[in-house]
Amino acid sequence: MKKLFFLLLINLVPAQQDWTLKQCLDYASANHPLIKQSTVNIQKNERQISATKGMLLPSVDAGISHNYNFGNGINPQNNRREAINTQTDNLYAQVNWELMNWRNYLNISLSKINKETSDYRMKQAVNEVKMNVIRMFFTYHNSKSRLEVLETQLAGIEDQIRRTEKEVETGNRPKSDIYDIRANLGTMQEQWVSARNQKDLSKIDLLNALAITQDTLDFIMPEEGLTDSDFDDTLFVRNLLEKNPAYWAIQKEIGAQQKNIEIAKSAYLPVLTGSYTWSSFYNRIFEQPAAAFTDQIRDNKNRQISFGLSIPVFNKLQVKNNVEIAKLNVINSTYDKEMIINNLTQSINSIRVQFLNAQDKYRLLEANFENQRLSFQKSEEKYKEGLMDAYTFFVVRNNWLEANYNLISSKNEVIRQTEMLKILGNE
């Protein structure tokens, strides 16, 4: 029974999965609510295109009414007013058509521009979500690496305390060595608690960036080499800028505002309309013979075709003001474009500087890493031979572990900036 319960528990609890950065980015691109909202906005704009095209079509409606009249009324047989009770049925079908309204054609163009804008907005949302995932992914791995270094340091301290105590008992070490090591144990344990807290919080932030509420994942960093970026290219910033969807979205937004000027001006133009109406009726006086329903409908039918031309003459200055407001909106969008260009340029240059600095730092640490390793090995030999006290060896060992962490952290920073550049370049 216990075995069966254990098997059921395993099946109910989801197994933990290991995700790479690529898996995180793929998942976020397909499932993040911001991107799903952008997809819905695209669908809404596609529907708006269909709606604006529908304005070129005629509208058709039909109706029927059934009425009773009791008391004084007009006798349809002699056209005199008298006391009669009558039944009247009216039928009609009507077609109305704006034969020429320039605004309808302009609205079609505007809806297409809005659709293109929403496409770029979705790509912009994808970029923003991916950039956030990248930041949280590497923050998590740095905090995880920091915790692992502290755990290794703590394990080394406890092992060193045990060995030193034995050597103190045999008289090979002074008792002060134990006091020196224990003096730093509490501080390091406090650092370990803080590092564990930072790792847990950074994982929560990463799960939030992925829009995942259940902690059933762990995140791994696959081994990969570092790549170079051609920052020396004078057109580097401009090329990345012109690839960015935020840049093209504001370009399309300006185009939409310019189209709104034309739409506002279209209110100065005349509108040509046409309509066709078919109607008929049935009428009978109670307690008197009447012609058949179908016969009356056939005999009383009427057709009407009409055309109308509406020419705007004076509209309380509303059109003029709408045109001027539309022009101001274009100017405002132009300033938005300048701000977006400035922000994007700042972001690209910031990533470029951080990449170059992280790359230089990694190369320096990598070059010095072998020296750190050899220094640690020599110190370890001296400690075992009794030529180095326990506290000095403790410091050397921690410096060696810190060098490991710094190398990993600087490599992660180079990879992080590289991945962010890929997003900006839409690779």
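1. Let me start with the second largest pocket in this predicted model. Helices α4 and α10 each supply at least two residues of its lining. The largest share, 6 residues, comes from α10. In total, 15 residues line this second largest pocket, and those nearest its centre are Ser-145, Met-221, Glu-223, Ile-408 and Asn-412. Its space comes to about 320 Å³. Sorted by class, the lining holds 6 nonpolar, 4 polar and 5 charged residues.

2. Next, the largest pocket, with a volume of about 370 Å³. Its lining is made up of 18 residues, and Glu-128, Met-131, Leu-344, Ser-347 and Leu-424 are the ones that lie nearest its centre. Four helices each bring at least two residues to this lining: α4 (102-170), α7 (245-265), α9 (318-384) and α10 (390-424). Of these, α9 gives the largest share, with 6 residues. The class make-up is 8 nonpolar, 7 polar and 3 charged residues. If you look at the two pockets together, you will find α4 and α10 named for the largest pocket and again for the second largest.

3. Now to the strands, where β5 is a good place to put your eye. On one pairing, strand β5 (residues 271-285) runs antiparallel to strand β3 (residues 80-100), and 14 bridges join them. To find the register, take Asn-90, whose bridge partner in β5 is Phe-281. The other pairing is with strand β6 (residues 302-310), again in the antiparallel sense, over 9 bridges. Here Gly-274 is a handy marker, since its bridge partner in β6 is Phe-307.

4. Which residues does Thr-273 touch once its neighbours within four places in sequence are left aside? Thr-273 sits in strand β5, and its contacts of this kind are Trp-97, Glu-98, Leu-99, Ser-306, Phe-307 and Gly-308. Among them, Phe-307 is also the bridge partner of Gly-274. The C-alpha atom of Thr-273 is separated from that of Ser-310 by 8.1 Å, with their positions 37 residues apart along the chain. Thr-273 counts as partly exposed because its relative accessibility is 31%.

5. Gln-87 deserves a look as well. This residue lies in strand β3, and its side chain makes a polar contact with the side chain of Asp-89 at 2.9 Å. Is Gln-87 buried or exposed? Gln-87 is buried, because its relative accessibility is 10% and the cut-off for buried is under 20%. Beyond the neighbours within four places in sequence, Gln-87 is in contact with His-66, Asn-67, Tyr-68, Tyr-282, Asn-283, Arg-284 and Phe-286.

6. Asn-244 is another buried polar side chain worth opening in the viewer. You will find Asn-244 in the loop between α6 (236-243) and α7. Its side chain reaches the backbone nitrogen of Ala-246 at 2.9 Å. With a relative accessible area of 5%, Asn-244 is classed as buried.

7. The loop between β6 and α9 holds two residues that I would check by eye. Lys-316 is found in this loop, and its phi is near 60 degrees, a positive value in a residue other than glycine. Leu-317 lies in the loop between β6 and α9 too, with phi near 65 degrees, again positive in a residue other than glycine. How exposed are they? Lys-316 counts as exposed, since its relative accessibility is 65%. Leu-317, at 46%, counts as partly exposed, because exposed requires over 50%.

8. Finally, Lys-384, a residue of helix α9. At a relative accessible area of 59%, Lys-384 is exposed. Its C-alpha atom and that of Gln-23 are separated by 47 Å, and the two residues are 361 residues apart along the chain. Helix α9 has come up before in this note, as the source of the largest share of the lining of the largest pocket.

Key. Residues are numbered from 1 along each chain as its sequence is written. This is a predicted model: local features need pLDDT of at least 70, side-chain atom pairs count only at pLDDT 80 or more; totals for chains, interfaces and linings use all residues. Side-chain values use heavy atoms; hydrogens and water are left out. Two strands pair if DSSP finds at least two bridges between them. Buried means under 20% relative accessible area, exposed over 50%, partly exposed in between (1.4 Å probe, protein chains only). A polar contact is a pair of N or O atoms within 3.5 Å; within protein, one must be able to donate a hydrogen and the other to accept it, and residues adjacent in sequence count only if both atoms are side-chain atoms. Contact means heavy atoms within 4.5 Å. On a 1 Å grid over the protein atoms alone, a cavity is a set of points where a 1.4 Å probe fits but cannot get out, and a pocket is an open set with protein on both sides within 12 Å along at least five of seven lines; lining residues have an atom within 4 Å of a point. Grid points are joined across faces, edges and corners, and a volume is the space filled by probe spheres set on the points. Ala, Val, Leu, Ile, Met, Phe, Trp, Tyr, Cys and Pro count as nonpolar, Asp, Glu, Lys and Arg as charged, and the others, Gly among them, as polar.
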